[in-house]
Amino acid sequence: MKKKFVFVDQGAGRKFQVLIEQLSCPVCIEDELGDLPDLSRFRGNFDFDSRIFQIDCVNCGRRIGDYLAQETGD
Amino acid sequence: MANLEKMIRYDQAVMEEGLIQSDTTIKMAGVNNLYLLCHFETANQSSFDLHYGDKYGVISGGGLISQAPFLGKNLYMSANKSPNCLAPYDLDLGGINQLSIAFAVKVDVQWDGSFKNLLKRSSKFIIGNNTTNLFATAYDSSGTAVTIVTSGLGLTWDTWYWVNFVISPEHIYLYCNNVLVADSVIDGILEDWGIVDFIHILESRLRTTYIDELIIRKEAVQILKPTSPFKPYSQDLPKAEVSLDAGFDNALWLPNELGFLDETDFNNEGIKIRVDADNDNTADFSGDLLSLEQTRNLGTRSGKYLHLEFSFISDGNAQRILYPGKVGLKSQCLIQPRREPELIPRF
């Protein structure tokens, strides 16, 4: 399932958007967590300066990926 | 002269917002498009009070809610080892394209930065928190999960926040304490919400997270305020007024003959009355709200018109209903007794 994250800085009136085609942990995919469809199994951090969205697996701590966000006017 | 009876009907009643006329009665109105409302005020660990539409019930046992302690007198739901689930059976979210979800939430310890689901309905919506910020997810018409994440919200521990997530056909909004904190356009939403599904509360398994006053409405309401105003039956004391016409001036109205088809809500202090009578049809209500019994002891009132004001009082959970009634009246003779002519001696 595609996941689109929209990070909103309401005070500054800015929004950044990341579209992720698939979100799963390569290590935990075989364990009881299955294909990790659930947001609660990820730790995410978005840095507004670098526009990088980092996602880690909560279960094993592995970095899932660094995603560069695009500014959006929506 | 024998007493007359005047029927009390509500066809011409003047009603404030929060009341609805139904057949011959006046009822307190429920919340529009209410899908689910949970006050979590039932002190039983395996049950909770549930409102849907204009109905009310207590769901208990059956695994509908798991390990949910209710704390103190002012009760709310807290997380435990297992995620708590609400299964509002017999509720239908099918065929709608908008939704509003609101609840109060408090976290007692620092969050670890991972996404924590506070409330989720599988593949429909998710609301959660991430360290000191909130996020919310809706699924658009292509099935893409669109998540809006706040920035710089600065949520702190041990503080209640009022969270409101609004899904309209083309836009989603996230409010915190009635302030818009994130929003985004979406490419339409899934309209097939299904009929029966579980709503997971505090799925993040945080043991010290609390939730209260959950409201889900089948319409996009931008600001859903917490607690009492949005309980199913208003605490705002809505009033209804009705005027009775005797058909002749200076009728004597007899409050001691005031009666209603069903007086349950008078007897439990759910409906109070004030009365006024006049010949020129200008109601003037003043003074304390009276019980039915107190009103019956008022003594007669004189005038062509008798005005009745009904105030509906609810603790938020009970729907009050005003039934038809009657009141006695009689005419009074206004001709002065004939006086014997006075004989004035002439001298």
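Reader: Among contacts in chain A between residues at least 6 apart in sequence, what percentage join residues at least 24 apart?
Author: This is a predicted model, where local features need pLDDT of at least 70, side-chain atom pairs count only at pLDDT 80 or more, and totals for chains, interfaces and linings use all residues. Residues are numbered from 1 along each chain as its sequence is written, while chains are lettered from A and ligands numbered from 1 in the order in which they are written. A contact is a pair of residues whose C-beta atoms, placed from the backbone, lie within 7 Å. For chain A, with pairs at least 6 apart in sequence as the base, the share that joins residues at least 24 apart is 40%.

Reader: How many strands are there in chain A?
Author: Helices (H or I, at least four residues) and strands (E, at least two) are DSSP runs, numbered from the N terminus. Along its sequence, chain A reads β-β-β-β-β-β. With 0 helices, chain A has a strand count of 6.

Reader: Along strand S3 of chain A, which residues point to one face and are buried?
Author: In a regular strand the side chains alternate between the two faces of the sheet. Buried means that 20 or more other C-beta atoms lie within 10 Å of a residue's own (exposed is 12 or fewer, partly exposed in between), with C-beta atoms placed from the backbone. In S3 (residues 42-47), Arg43(A), Asn45(A) and Asp47(A) point to one side and are not buried, while the residues that point to the other face and are buried are Phe42(A), Gly44(A) and Phe46(A).

Reader: Which strands stand at the edges of the open sheet S3-S4-S5 in chain A?
Author: Strands pair if DSSP finds at least two bridges between them. Here the pairing is antiparallel, with 6 bridges from S3(A) to S4(A) and 5 from S4(A) to S5(A); Ile55(A) is the partner of Gly44(A) and stands opposite Gly65(A). Two strands each have a single partner, so one side of each lacks a neighbour in the sheet: S3 and S5 (63-68) of chain A.

Reader: Which residue in the turn of the S3(A)-S4(A) hairpin has a positive phi?
Author: The hairpin leaves 4 residues between its two strands. The positive phi is about 60° and belongs to Arg51(A).

Reader: Where chain A meets chain B, which residue of S14(B) is the bridge partner of Val8(A)?
Author: The contact draws on 27 residues from chain B and 21 from chain A, and S14 (145-150) is one of the elements giving two or more residues to chain B's side. S1 (residues 3-9) of chain A runs parallel to S14(B), joined by 6 bridges. Within S14(B), Val8(A) has as its partner Thr150(B).

Reader: How many residues does the largest nonpolar core have?
Author: A nonpolar core is a set of buried Ala, Val, Leu, Ile, Met, Phe, Trp, Tyr and Cys residues joined through C-beta atoms within 7 Å. Val149(B) is among the residues with the most contacts inside the largest one, and its contacts beyond four places in sequence include Phe5(A), Phe7(A) and Ala182(B). The size of that core is 60 residues.

Reader: Over which residues of chain B does pLDDT stay under 50?
Author: pLDDT is the predictor's confidence in each residue, from 0 to 100, and chain B has a mean of 80, with 72% of its residues at 70 or more. Where pLDDT is low, the predicted coordinates should not be read in detail. The stretch in chain B under 50, with 33 contacts beyond four places in sequence, is residues 60-73.

Terms used: Two residues are in contact if their C-beta atoms, placed from the backbone, lie within 7 Å.
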